[in-house]
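Visitor: I should like to take a close look at one part of this molecule. Would you please describe it for someone in the first year of study?

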Amino acid sequence: MPATGRVRKWLPLLTVCLGTFMLLVDVTIVNVALPGMVVDLDASFGALQWVVDAYAFALAALVLGTGSIADLVGHRRAYVVGLAVFAASSFACGIAPNSAALIAARAVQGVGAAAMFATTFALLNSSYTGRDRGSAYGLWGAVSGASAAVGPIIGGLLTEGVSWRWIFFVNLPVSVAAIVLCLFVLTDAHEPTHSRVDVPGMVTFTAAAAGATYAIIRASEEGWSNALTWWLLALAAVLLALFAGIESRSSHAMLDLALLRNRSFVGVLVTGVLLTFAAFSAFAYTSIWLQSVVGLSPIEAGLTGVPLSVMAFVVSASTGRFLHGVRPDWILGGGLLVVGLGDALAAVLVHGSASWPALIPGFVVIGIGVGIVTPALGSVSMALVPARRGGMAAGAVNTARQLGFAFGIAVLGSVFAARAQRSLSGRGVEDAARTARAVAGGQTASLLRAAPPSTRHALDNAVHASAVTGVQGAFAVAAAAGLLAGAIVLVLMRPTHPAT
């Protein structure tokens, strides 16, 4: 094939990867900017969590619904609309005057990202076949796996070099380029279908996800003994049951519950949820520890993620073409076990006197696991459903991925704060709960400035110890999630007959 033909052949992949890179980078790009946002916007610990989670939650809650809408209106059209919404809301994030406006704009940004994410697998399937499809998924997986890890690096460069607001403005030229490419090089695998949008399903699922996410974030601020937290969790469970009832009776369900009778597809969903939980959710809290306690700059904190992103990219890019014929339970389950081992290694190596080098071995191992799992996640999910359900399946898998991250941020924030509080109480710090929230929220400097000079040194030591304890706890829980997920997936996806 002539060189121009080879370039043209991979333009659809480039178009899809541009959108994927932006939307996944924006999941974690804010991590290193959080301390700067505290100063500029006077944001609380809860507000900081929502700056991260409003985007991840909107992406998670809506990607399933937008996937079913994309099946109706066409995958390319949905992708273009998503890019436009993402660009406009990124600009709104960049000019946000306060934390409330930033959180609202981040939620809208998640809507646009959901429309893009829900269509990626279907667009790749319509553009490539055979060995080219395996290569496309491998390269897409490399970009996907590295994006979340490279987000803090880009965020650190922009935050320190210009302003944290530029982590959002940088999306504008990339979005324009992606839209232009999309209009010229992408095609749909099938004609849009004529049906109705599952509004009751979208509303109940979104409300259930919102209730659960808010309850967990509230628990990190108010504690798990708060009655409202448990009422919200109960309400989320009721809404989820109502969603299941609606979907089972709907002729135009956004999630065909028959898919859940396939053990392998359930295994893919479990992989999606717990991969992002185990691999990326601790990033927000390691970044706060590195900047607010260890004293690294945003760029330096972001660069600690380089080993993870490099390993994820290299492993995904080099293994994608060889996935055909390998049992998916070995790939997905084995990769999750590797991620869990990397988290466990980080939990062991981060200790009282540790600094950023303690994270590197664990990040390398996590990156290997991410690189193994990510390209297979898309190809396996598409192989389990008919083409007309491509948007639905992609939406379900990507919903699982983003819910895992949203819940991970909330759960690990609660773990970080609880462990920090226990450490501070053991050192006799007054109002340990308030101090722990300040540490978790990146407000260590202001906390120490407000302390009497005679107690400042002791408080500084206590804060350092509590932050390390919090990071250890976050990695320990992430490790448990990765190892448990690996075991579950190996059981769910094992062949029911001897492999041939």
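How many aromatic pairs does the structure hold, and what surrounds one of them?

Guide: The structure, a predicted model, holds 6 aromatic pairs (ring centres of Phe, Tyr or Trp, the last by its six-membered ring, within 6.5 Å). Local features require pLDDT of at least 70 and side-chain atom pairs 80 or more, while totals for chains, interfaces and linings use all residues. Residues are numbered from 1 along each chain as its sequence is written, and side-chain values use heavy atoms, without hydrogens or water.

One of these pairs is formed by Phe205 and Phe243. Their ring centres lie 5.2 Å apart and their planes meet at 55°, so the pair is tilted (neither under 30 degrees, stacked, nor over 60, edge-to-face). Phe205 belongs to helix α11 and Phe243 to helix α12 (DSSP runs of H or I, at least four residues). With their positions 38 residues apart, the two rings link distant parts of the chain.

Phe205 leads us to the second largest pocket (an open set of 1 Å grid points with protein on both sides within 12 Å along at least five of seven lines), since it is among the residues closest to the centre of that pocket. Leu240, Leu269, Val273 and Leu403 share this central position. In total, 22 residues line the second largest pocket (an atom within 4 Å of a point). Its volume, the space filled by probe spheres set on the points, is about 560 Å³. Four helices each give two or more residues to its lining: α11 (199–222), α12 (227–249), α13 (263–280) and α19 (390–426). By class, the lining has 21 nonpolar residues (Ala, Val, Leu, Ile, Met, Phe, Trp, Tyr, Cys, Pro), 1 polar residue and no charged ones (Asp, Glu, Lys, Arg).

For contrast, consider enclosed space. The whole structure has 3 cavities (points where a 1.4 Å probe fits but cannot get out) of 30 Å³ or more. The largest cavity has a volume of about 70 Å³. Its lining includes Val32, Pro152 and Phe363. Two elements, α14 (283–294) and α15 (298–303), give two or more residues to this lining. Helix α14 gives the most, with 4 residues. The lining of the largest cavity divides into 6 nonpolar and 5 polar residues, and no charged residue takes part.
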